Amino acid sequence: MNFSYNWLQSFFKKKLPKPEKLAELLTMHSFEVAEVKKFNRDWILDIDILPNRGPDSFSCLGIAREISTLAGFKYIADKYELKEDKGIKARDFINVEVRDKTACSRYTARVITEVKVGFSPKWMRERLEACGLKPINNIVDVANYVMLETGQPLHAFDGEKLQDRKIIVRFAKEGEKIITLDEERYRLEKEMLVITDAKKPVAIAGIKGGKPPEIDLKTKIVVLESANFNPRVIRRASKRIDLKTDASWRFEHGIDPNLTEFAINRATLLIQEIAGGRIAQGLIDFYPGKVFPKRVKLDLDYVTSLLGIKISHQEIIAILKSLGFKIKHLKSKIIEVEVPTFRLDVSIPEDLIEEIGRIHGYQEIPAQFPVAALIPPKRNLDIFWENLSGGILKEAGFTEAYNYSFISEKDREIFRYSKRELMEVENPTSLDFQYLRPSLIPNLLKNIEKNFRDFAEIKIFELGKIFHHPKTEKKVLSGVMSGEVFYETKGTIDLLLNKLGVSNIWFDEYRPKPGENKLSIWQPKKCAEIKINHEKIGFLGEISPKILDSLKVAIKVSAFDIDFEKLSKLTSEEHEYRPISRFPSAVRDIAILVPREVKVAQVLNKIYDTGKKLVRDVDLFDIYEGGELPAGKKNLAFHIIYQAEDRTMTSEEIDGLQKKIISALEKNRTWQVRQ
Amino acid sequence: MEKNNPPLRIIVPGRVFRREATDASHEINFYHLEGLMIDKDISAANFKAIIQDFYREFFGKPLKIRFIPSFFPFVEPGFQVDISCLNCQGRGCSACQQSGWLEMMGAGMVHPNVLKNSGLNPKFWQGFAFGMGIERLVMMKYKINDIRLFYGGDLRFLKQF
């Protein structure tokens with residue numbers, strides 16, 4: 001909010017610190033000053049008033065009060081003495097009726113007659129402009145000026161344009177209409193508070209004045225309104241009609257109901273000074289529940305304990321007094337503090353401690369380590385497995401990505417997710433973020449699209465949450481690799497799981513359950529389920545060309561998708577030390593000719609099944625198709641590593657086992673081991 | 001806090017979401033790190049020591065810290081925590097808009113209502129809470145000028161880490 005330095009100066013006899021210096025004082029003790037800039041012969045301070053301090057500080061007076069405490073200067077607080085004209089009575093000009101005292105806890109009005117509407121004086125126009133307001137005429141300008149000065153919004157009506165000299169404060173009727181001062185039309189609803197005359201709405205309460213009783217050059221009788229409206233009522237209406245004004249913004253933050261009278265007297269006096277006229281006798285004041293100051297007990301030891309700095313009792317009391325609080329001593333270390341009604345933000349001891357701390361200066365608080373027993377934290381296994389898995393993939397050449405937790409409607413169509421399985425965002429920032437992601441794959445594929453022109457080889461993984469209807473979330477680990485790399489992807493999973501200490505890995509053909517449509521993403525013949533012991537933990541395969549086309553990815557891509565929660569559970573259970581064999585291992589190679597559709601995993605599984613524990617490991621080192629091979633066949637070549645845990649295997653034993661494996665493989669008539 | 005008894009020392013990192021227009025310093029999802037310490041006699045001075053140590057370790061250089069008044073409904077008093085500008089050591093430069101300070105996070109002493117709602121008696125327990133954006137920390141450490149790079153999936157960016 002913008003404040004004029006000269007205007008603030010006018011509250012003090014003493015010269016204020018220079019603008020920059022003043023800004024620093026305010027920043028350190030009250031509110032951050034975002035900017036200080038020169039404006040004609042003035043400076044503008046852009047002050048970020050904290051939302052809880054709105055009630056007392058959205059005004060020059062409020063900032064002047066802060067400055068008075070910080071600089072130790074007394075500020076000039078005038079009491080405005082009005083000269084009422086005993087010949088005319090306010091109640092003869094206007095009759096106020098408030099129908100809801102919760103929505104409007106106070107309504108004050110004054111009447112000034114025989115005014116001369118015209119321009120406001122230069123000094124007032126300059127101050128309004130410095131604060132970003134446009135001067136209109138002397139009556140409206142006074143209302144605005146006093147709002148900026150005191151924080152109390154005011155409104156001026158032309159008294160002769162109010163039907164039957166009535167002002168009624170009530171909730172609108174559904175569908176009632178109003179044209180505001182800026183000639184906008186609004187349709188009102190029944191939870192919006194309005195000011196009406198005998199017939200029609202003349203203002204949207206606390207938000208904007210209406211056109212009909214507008215002050216114009218012919219106006220003779222001014223009816224001034226200074227009221228207190230319920231913050232929630234104003235916020236709701238302002239949001240509903242999408243109209244925020246200087247007034248609504250102040251009412252939304254709450255205002256001290258005791259302020260209306262001070263402000264209306266100030267404005268009345270200014271109008272008389274500037275526009276002449278007579279002040280009708282009597283303040284019209286609807287104020288059924290007067291607000292009195294709160295009292296808060298404060299234990300002075302608690303001040304020290306919470307802030308961690310010793311501030312003398314004398315200083316504590318001086319600080320509170322300088323802020324307008326009144327002190328009563330109860331016991332030696334306990335005081336009772338009376339809080340002025342304009343400090344809507346102060347109601348508990350901690351609020352007072354904040355006042356003491358900030359005025360004394362938070363910079364004075366020493367950095368002091370707590371004295372407490374150190375208890376080592378429990379090991380967080382989730383983080384352990386995440387870091388370990390991420391590390392393994394990074395060692396394998398992967399880059400980790402963090403993608404948005406959302407997918408778009410277009411993505412939904414491409415990946416053929418049904419709306420029923422997705423969590424839809426009610427009020428998305430943009431159409432790109434319409435659904436919570438049901439898989440990490442869509443965004444990972446987009447990563448490929450973004451990068452494949454610049455990088456020959458792409459390997460990216462992400463570890464993150466996915467979401468499904470109704471309200472379920474799950475952590476998954478997914479990765480994508482560019483190129484003709486189905487087997488490398490498989491190898492990556494082998495590597496990952498082995499390093500995580502899982503040995504019983506199976507790749508199984510995918511048999512869709514009725515109603516499943518996974519194959520819309522995957523290439524039917526080049527995909528597999530990943531299983532540990534017989535439990536399915538994920539999926540891998542080539543991404544279908546149709547999907548890649550839709551995403552404009554012009555290269556082949558393989559991907560994997562692992563339920564990380566399942567994996568880390570199985571891993572935790574399985575992570576067991578296998579003693580390192582003291583006995584040597586031996587390697588034998590095997591090459592086998594199989595029909596093209598046979599999966600590597602089928603061959604591997606056969607080898608492991610036959611060799612049992614003595615086959616320590618099997619590595620696929622070559623796949624060959626075409627050329628001199630018979631049509632429809634492919635050649636697979638493996639290293640088989642033999643090792644026993646309790647003895648050195650003889651070469652006879654190894655050869656025997658190798659033979660056994662060969663005959664097991666050849667039981668399948670279409671498989672042919674090449675010697 | 002509801003499930004455990006004090007003393008409590010908690011840090012919680014996690015992905016958070018905001019509905020706002022994105023630009024170089026605003027994102028719709030990012031990571032936040034929230035922390036909390038509750039004990040019999042934990043003060044703002046304790047928080048200052050801990051957080052100052054954290055920043056010195058994280059950035060690997062000596063720096064100063066300051067609290068300025070701020071407001072968050074779940075703490076009282078509330079602070080904004082600033083560190084002396086890493087770029088100019090507090091002399092004032094374009095990175096800190098000539099102020100010499102960088103805004104790092106919001107913090108404060110846990111509001112008694114928060115303690116009450118967690119089943120703790122504010123007469124016996126007190127402490128501090130804080131929350132900071134992780135991307136912001138990383139941006140400062142590596143001089144990254146656009147938060148959107150974190151979620152853009154651009155390998156030219158990602159491969160540097």
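Of the 88 residues in the largest nonpolar core, which touch the most other members? The first legend below takes that up; everything here comes from a predicted model.

**View 1. The largest nonpolar core, with chain A residues at its hub.**
The residues that touch the most other members of this 88-residue core are A:Ile139, A:Leu193, A:Ala205, A:Val222, A:Val223, A:Ala267 and A:Ile271. Helix α10 of chain A, residues 259-275, supplies the largest share, nine residues. Domain 1 (2-71) and domain 2 (85-286) of chain A both chip in, so the core lies between them. Zoom in on A:Leu193 and, once residues up to four places away in sequence are set aside, its contacts are A:Ala103, A:Cys104, A:Val169, A:Phe171, A:Ala205, A:Phe229, A:Val233 and A:Ala237. There is also a second, separate core of 46 residues, and its members include A:Leu320, B:Ile38, B:Ile65 and B:Leu120.

**View 2. Chain A, carved into domains.**
Five pieces make up the division of chain A: domain 1 (2-71), domain 2 (85-286), domain 3 (294-360), domain 4 (381-574) and domain 5 (586-674). Taken over C-alpha atoms, the centres of domain 1 and domain 4 of chain A sit 56 Å apart.

**View 3. A hairpin in chain A, β2 to β3.**
Strand β2 (residues 32-39) and strand β3 (residues 42-48) of chain A run antiparallel and are joined by seven bridges. At the turn end of the ladder, A:Phe39 has A:Asp42 of β3(A) as its bridge partner. Two residues lie between the strands of this hairpin, and A:Asn40 takes a positive phi near 50 degrees.

**View 4. The three-stranded sheet of chain A.**
This open sheet has the order β17-β19-β18 in chain A, with antiparallel pairing. β17 (294-299) and β18 (326-331) of chain A are the edge strands, each pairing on one side only. From one strand to the next, the twist averages 25 degrees. Five bridges hold the antiparallel pair of β18(A) and β19 (residues 334-339) of chain A. Look for A:Lys326, which stands opposite A:Glu338 in β19(A).

**View 5. A:Ala637 and its surroundings.**
Is A:Ala637 buried or exposed, given 15 C-beta neighbours inside 10 Å? Neither, quite: buried takes 20 or more such neighbours and exposed 12 or fewer, so A:Ala637 counts as partly exposed with its 15. The residue belongs to strand β31 of chain A, residues 633-642. Neighbours within four places in sequence aside, A:Ala637 is in contact with A:Asp589, A:Ala591, A:Phe621 and A:Asp622. For a sense of scale, A:Ala247 is 390 residues away from A:Ala637 in sequence and 81 Å away in space, C-alpha to C-alpha.

**View 6. Chain B on its own.**
Four helices and six strands make up the secondary structure of chain B. Reading from the N terminus, the elements go β-β-α-β-β-β-α-β-α-α. The C-alpha trace of chain B spans about 50 × 35 × 25 Å along its principal axes. Chain B has 161 residues, and 34% of them count as buried. As for contacts in chain B between residues at least 6 apart in sequence, 51% join residues at least 24 apart.

**View 7. The six-stranded sheet of chain B and the helix across it.**
The strands of this open sheet are ordered β1-β2-β6-β5-β4-β3 in chain B, with antiparallel pairing. β1 (8-17) and β3 (65-70) of chain B are at the edges with a single partner strand each, so one side of each has no neighbour in the sheet. On average, neighbouring strands of this sheet are turned by 25 degrees against each other, direction ignored. Between β4 (residues 75-84) and β5 (residues 101-110) of chain B, which run antiparallel, there are eight bridges. In that pairing, B:Ser84 stands opposite B:Trp101 in β5(B). Helix α1 (residues 44-59) of chain B lies across β3, β4, β5 and β6 (126-133) of chain B, and runs at about 130 degrees to β3(B).

**View 8. Where chain B meets chain A.**
The contact draws 37 residues from chain B and 45 from chain A. On the chain B side, the elements giving two or more residues are β2 (29-39), α1, β3, β4 and α4 (155-158) of chain B. The top contributor on that side is α1(B), with seven residues. By type, the residues of chain B that touch chain A split into 19 nonpolar, eight polar and 10 charged.

Definitions and conventions:
Residues are numbered from 1 along each chain as its sequence is written. Chains are lettered from A and ligands numbered from 1 in the order in which they are written. This is a predicted model: local features need pLDDT of at least 70, side-chain atom pairs count only at pLDDT 80 or more; totals for chains, interfaces and linings use all residues. Two strands pair if DSSP finds at least two bridges between them. Axes are lines fitted to C-alpha atoms, for helices over the stretch in contact, and angles run from 0 to 180 degrees between N-to-C directions. Two residues are in contact if their C-beta atoms, placed from the backbone, lie within 7 Å. Domain bounds come from an automatic or database domain assignment. Ala, Val, Leu, Ile, Met, Phe, Trp, Tyr, Cys and Pro count as nonpolar, Asp, Glu, Lys and Arg as charged, and the others, Gly among them, as polar. A nonpolar core is a set of buried Ala, Val, Leu, Ile, Met, Phe, Trp, Tyr and Cys residues joined through C-beta atoms within 7 Å.
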